[in-house]
Amino acid sequence: MAKTTKETFSINGEQLLKKVKELIAEGNVRKITIKDKAGKELMSFPVTIGVVGVVLAPILAAVGALAALVTECTISVERDVEEPPR
């Protein structure tokens, strides 16, 4: 069973779309949650293995629109962590 870790980034709206694309490209991300500076969840979506661009396109479009509306936000990332063999 794979373990998960959480990581949080504070960024401005201009960097939001770029950071989300980078996280998706890393491949070990399970879920991404975007919150405003007050901590209110604005968007959350799973990132599954084998997701193709056609499926991600609407999500990335929504993230781009959200980036235009927020000045500061945080991204919480849930990652799979492989356990070392015993």
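**Note on salt bridges, burial and contacts**

1. With a relative accessibility of 32%, Glu7 falls in the partly exposed class, because that class lies between the limits of under 20% for buried and over 50% for exposed. The model under discussion is predicted, and the remarks below should be read accordingly. The side chain of Glu7 forms a salt bridge with that of Arg79, with an N to O distance of 2.7 Å. This pair joins distant parts of the chain, since Glu7 belongs to strand β1 (residues 3-12) and Arg79 to strand β4 (residues 72-81), 72 residues apart.

2. Arg79 has another acidic partner, Glu26, and here the closest N and O atoms are 2.4 Å apart. Glu26 is in helix α1 and Arg79 in strand β4, so this salt bridge ties together parts of the chain that are 53 residues apart in sequence. Glu7, Glu26 and Arg79 thereby appear as one network of salt bridges. Within the network, Arg79 is buried, at a relative accessible area of 10%, whereas Glu26 is partly exposed, at 44%.

3. Four salt bridges are counted in total. One of them joins the side chains of Glu22 and Lys19, at 3.9 Å from N to O; the cut-off for a salt bridge is 4 Å. Glu22 and Lys19 both lie in helix α1 (residues 13-26), and because they are three residues apart, about one helical turn separates them. Glu22 is partly exposed, with 36% relative accessible area.

4. Lys19 also takes part in an interaction with an aromatic ring: its charged end sits over the ring of Phe9, 4.1 Å from the ring centre. As for pairs between aromatic rings, a search of the whole structure returns zero.

5. Is Ile34, in strand β2 (residues 29-36), buried or exposed? Its relative accessibility is 0%, and Ile34 therefore counts as buried. Setting aside residues up to four places away in sequence, Ile34 touches Leu16, Val20, Lys40, Glu41, Leu42, Met43, Val63, Leu66, Cys73, Thr74 and Ile75. The C-alpha atoms of Ile34 and Phe9 are 9.6 Å apart, with their positions 25 residues apart in sequence.

6. Met43, one of the residues that Ile34 touches, is part of strand β3 (residues 41-46). Its relative accessibility is 18%, and it is classed as buried because the limit for that class is under 20%. Beyond neighbours within four places in sequence, Met43 is in contact with Ile32, Thr33, Ile34, Ala62, Val63 and Leu66. Ile32 is 11 residues away from Met43 along the chain, and the two C-alpha atoms are separated by 8.2 Å.

7. Which pattern do the helices and strands follow along the sequence? The order is β-α-β-β-α-β, built from two helices and four strands. Among contacts with a separation of 6 or more, 71% are between residues 24 or more positions apart. The bridge between Glu7 and Arg79, 72 residues apart, and the bridge between Arg79 and Glu26, 53 residues apart, are individual examples of links across the sequence.

8. For the protein as a whole, 33% of the 86 residues count as buried. The exposed area is about 5800 Å², and carbon and sulfur atoms supply 56% of it.

Note on methods. Residues numbered from 1 in each chain as written. Predicted model: local features only at pLDDT ≥ 70, side-chain atom pairs only at ≥ 80, totals over all residues. Heavy atoms only, no water. Phe/Tyr/Trp six-rings, centres within 6.5 Å; stacked < 30°, edge-to-face > 60°. Lys NZ or Arg CZ within 6 Å of the ring centre and 35° of its normal. Buried < 20%, exposed > 50% of the residue type's maximum accessible area, 1.4 Å probe, protein only. Contact = heavy atoms within 4.5 Å. Areas by Shrake-Rupley, 256 points an atom, 1.4 Å probe, with all protein chains shown as cover.
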